[in-house]
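Reader: I am new to reading protein models. Could you take me through one, feature by feature?
Author: Gladly. Let us look at it together.

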Amino acid sequence: MAEECADDLALVTLLRQGDRAAFRTFVDRFHHPMLRLARAMAGSSAEDVVQETWAAVIDGIDRFEHRSSLRTWIFRILTNRASTAAKRSRRLELAGSLAEELAADDPAVDPQRFTRRGNWAQAPASWNERTPEDILARAETGAEITRLIEALPTAQRVVVTLRDVDGLDSAEVCEILGITEANQRVLLHRGRSKLRSALEAFLSSEGAA
Amino acid sequence: MIITCRELTEAATDKKEGALSGVDRAALRVHLAWCTRCRRYLEQMDLTVDVLGAMPSEPAPEDVHAQLLEKLQKNRGSRE
């Protein structure tokens with residue numbers, strides 16, 4: 001059955017045969033992740049970027065050679081379109097933001113929370129909710145997290161979205177974005193650290209930042 | 001090798017990614033054995049990642065499905 005095809009090869013075969021159920025599953029699988037990534041990279045141009053990407057994917061699916069995964073291929077098309085859209089709207093695009101972000105000093109935790117010796121002065125606050133389910137079940141948390149992700153600097157936002165929200169592995173993200181593992185790790189670290197801090201403020205009764 | 005709490009917070013992602021040297025991994029283990037605050041910090045970093053991974057995805061809206069199916073069929077039509 002089309003719905004059970006996790007395998008790229010099988011899915012692409014069905015798509016080329018014009019299997020409508022497979023196509024529907026395919027669209028459902030990728031549309032939301034594409035929109036998320038497009039928003040991370042191109043903000044308000046996201047819908048246009050996704051539309052252009054889908055058009056290129058549909059046009060190109062017959063020629064897809066499985067040299068990468070379907071997902072990598074689709075996301076690469078998207079990042080190219082998003083880059084073009086960012087340039088068109090004069091928005092700082094990924095490459096530019098990346099250089100800026102890497103050059104900046106960006107500690108994981110506010111340095112004021114440590115003693116001069118580097119030990120905790122103001123310890124991590126206890127969170128009222130301790131599991132992902134409980135955290136997401138709090139009213140508005142999903143929307144709050146989306147807002148927090150959107151508030152990250154561009155390159156950190158993109159890496160955290162691909163690695164942690166979409167679950168891609170490090171090698172795939174580096175391939176899609178054209179960055180080194182080391183840089184990817186720095187961006188991931190900074191993005192995650194900021195989100196942890198923001199969640200701490202959101203979830204602890206002490207409201208520490 | 002001594003590691004401070006602050007240094008540990010900066011090493012959190014390298015640790016999770018398996019990018020620490022053997023020496024650093026050992027130093028972290030020693031620190032975590034006595035430092036409950038850093039244990040809590042790492043738990044919170046892990047929980048943050050888990051929360052991100054649990055963010056729900058949505059199916060595509062019906063109008064998107066309709067639009068894309070139309071394009072697919074148009075493509076096939078122009079080929080036949």
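Reader: Let me start with chain A. What percentage of the residues of chain A count as buried?
Author: This is a predicted model, so read every value as computed from it. Burial is judged by relative accessible area, and under 20% counts as buried. Of the 209 residues of chain A, 53% fall in that class.

Reader: How many helices and strands does chain A have?
Author: Chain A has ten helices and zero strands. Read from the N terminus, its elements run α-α-α-α-α-α-α-α-α-α. The C-alpha atoms fill a box of roughly 65 × 35 × 30 Å along the principal axes.

Reader: What share of the contacts in chain A joins residues 24 or more positions apart?
Author: Count the contacts with a separation of 6 or more. Residues 24 or more positions apart account for 64% of them.

Reader: Can I have one example? How far apart are Arg36(A) and Thr161(A) in sequence and in space?
Author: They are 125 residues apart in sequence. In space, their C-alpha atoms are 7.6 Å apart. Arg36(A) sits in helix 2 of chain A.

Reader: Is Arg36(A) buried or exposed?
Author: Arg36(A) is buried, because its relative accessibility is 17%, and the cut-off for buried is under 20%. Now set aside its neighbours within four places in sequence. Arg36(A) then touches Thr161(A), Val165(A) and Asp166(A), along with Pro56(B) and Ser57(B). That list includes residues of chain B.

Reader: Then let us turn to the two chains. How many residues of each are in contact?
Author: 58 residues of chain A are in contact with 45 residues of chain B. The area buried between the chains is about 4400 Å². Carbon and sulfur atoms give 62% of that area.

Reader: What about charges and polar groups? How many salt bridges cross the interface?
Author: The rule finds four across the interface of chain A and chain B. One of them pairs the side chains of Glu62(B) and Arg24(A), at 2.4 Å from N to O. Between the chains there are also 17 residue pairs in polar contact, both residues being at pLDDT 80 or more.

Reader: Which helices of chain A supply the side that touches chain B?
Author: Seven of them are named for giving at least two residues each: helix 1, helix 2, helix 3, helix 6, helix 7, helix 8 and helix 10. Helix 10 gives the most, with ten residues. By class, this side of chain A has 28 nonpolar, 14 polar and 16 charged residues.

Reader: How many salt bridges are there over all chains?
Author: A search of the whole structure finds 17. Take Arg88(A) and Glu52(A), whose closest N and O atoms are 3.7 Å apart. Arg88(A) lies in helix 4 and Glu52(A) in helix 3 of chain A, so the pair ties together parts that are 36 residues apart in sequence. Both belong to a network of salt bridges with Arg81(A).

Reader: Are Arg88(A) and Glu52(A) buried or exposed?
Author: Arg88(A) counts as exposed, at 59% relative accessibility. Glu52(A) is partly exposed, at 30%.

Reader: Which salt bridge lies within one helix?
Author: Look at Arg196(A) and Glu200(A). They form a salt bridge, with the closest N and O atoms 3.4 Å apart. Both lie in helix 10 of chain A, four residues apart, about one turn of the helix. Arg196(A) is buried, with a relative accessible area of 0%. Glu200(A) is buried as well, at 0%.

Reader: What is notable about the phi of His66(A)?
Author: Most residues other than glycine have a negative phi. His66(A) has a positive phi of about 60°, although it is not a glycine. This residue is in the loop between helix 3 and helix 4 of chain A. His66(A) counts as partly exposed, at 29% relative accessibility.

Reader: Last, confidence. Where in chain B is it lowest, and where is it highest?
Author: Where pLDDT is low, the predicted coordinates should not be read in detail. In chain B the mean is 92, and 95% of the residues reach 70 or more. Confidence is lowest in helix 4 of chain B, at a mean of 87, and highest in helix 3 of chain B, at 97. The model scores ipTM 0.90 and pTM 0.89.

Methods:
Residues numbered from 1 in each chain as written. Chains lettered and ligands numbered in written order. Heavy atoms only, no water. pLDDT = per-residue confidence, 0-100. Contact = heavy atoms within 4.5 Å. Buried area = accessible area lost by both parts, 1.4 Å probe. Polar contact = N/O pair within 3.5 Å; in protein donor to acceptor, adjacent residues only side chain to side chain. Nonpolar A, V, L, I, M, F, W, Y, C, P; charged D, E, K, R; others polar. Buried < 20%, exposed > 50% of the residue type's maximum accessible area, 1.4 Å probe, protein only.
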